[in-house]
Amino acid sequence: MTSVFDANRHMDFKIRNLTKNTILCERASVADSFWKRAKGLMFQKGWEDFDGLLLSPCRSIHTFGMLMEIDVCFLDPEHTIMKSLDALGPWGSAQGGRRSHATLELPAGTLARTGTETGDRLVLERGEHGPVPTGPHEGRRC
């Protein structure tokens with residue numbers, strides 16, 4: 001089964017929790033345009049091709065049209081988790097606040113499994129090649 005992100009092959013990077021030194025996702029994708037953010041995870045039945053979606057910029061999300069629960073992290077410009085939500089279900093919404101810069105969506109249960117919480121700092125990694133370019137913020141942490 002193909003993913004909605006086949007046209008945007010940014011799935012060769014990891015997102016690491018620097019504070020806890022754990023990997024949150026092995027194959028993440030970036031939604032860094034209006035249309036990619038608008039589509040997001042709508043109508044996805046699972047996480048077949050990737051295990052994380054970084055929406056940037058993004059201060060709030062909705063789960064209208066989604067078919068699964070997700071864990072959510074709202075990140076500030078320094079890539080610190082400002083707010084996190086476990087298992088946000090379909091047809092919900094959430095806001096990160098004025099200082100939110102990006103939102104990371106993960107499979108439900110990821111935050112609990114990795115011990116990730118508000119205040120932890122994250123980074124995108126691509127093997128030995130350093131930080132992953134994310135549109136206009138190229139070369140910066142997520």
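## Starting from one residue

Let's begin with Ser29: its bridge partner in strand β4 is Leu53. Keep in mind that this is a predicted model. A little further along, Ala31 stands opposite Leu55 in β4.

These pairs belong to a bigger pattern. β3 covers residues 28-31, while β4 covers residues 52-55, and four bridges join the two strands, which run parallel. In general, strands of a sheet pair through backbone hydrogen bonds, either parallel or antiparallel.

## Which way do the side chains point?

In a regular strand, side chains alternate between the two faces of the sheet. You can spot this in β3: Ala28 and Val30 point one way, and Ser29 and Ala31 point the other way. Whichever way they point, all four are buried.

## The whole sheet

Now zoom out. β3 and β4 are part of an open sheet of five strands, in the order β3-β4-β9-β6-β7, with mixed pairing. At the edges sit β3 and β7 (81-88), each pairing on one side only. From one strand to the next, the twist averages 15°.

## Two nonpolar cores

Nonpolar side chains tend to be buried together in soluble globular proteins. Here, the largest nonpolar core has 16 residues, and the ones touching the most other members are Ile15, Leu54, Leu75, Leu104 and Leu122. At least two residues of this core come from each of β2 (22-25), β3, β6 (70-75), β9 (102-107) and β10 (122-125). β9 gives the most, with three residues.

Another core, of 11 residues, lies apart from that one. Among its members are Ala31, Leu55, Val72 and Phe74. Remember Ala31 and Leu55? They are the residues that stand opposite each other in β3 and β4.

Note on methods: Residues are numbered from 1 along each chain as its sequence is written. This is a predicted model: local features need pLDDT of at least 70, side-chain atom pairs count only at pLDDT 80 or more; totals for chains, interfaces and linings use all residues. Side-chain values use heavy atoms; hydrogens and water are left out. Buried means under 20% relative accessible area, exposed over 50%, partly exposed in between (1.4 Å probe, protein chains only). Two strands pair if DSSP finds at least two bridges between them. Axes are lines fitted to C-alpha atoms, for helices over the stretch in contact, and angles run from 0 to 180 degrees between N-to-C directions. A nonpolar core is a set of buried Ala, Val, Leu, Ile, Met, Phe, Trp, Tyr and Cys residues joined through side-chain atoms within 4.5 Å.
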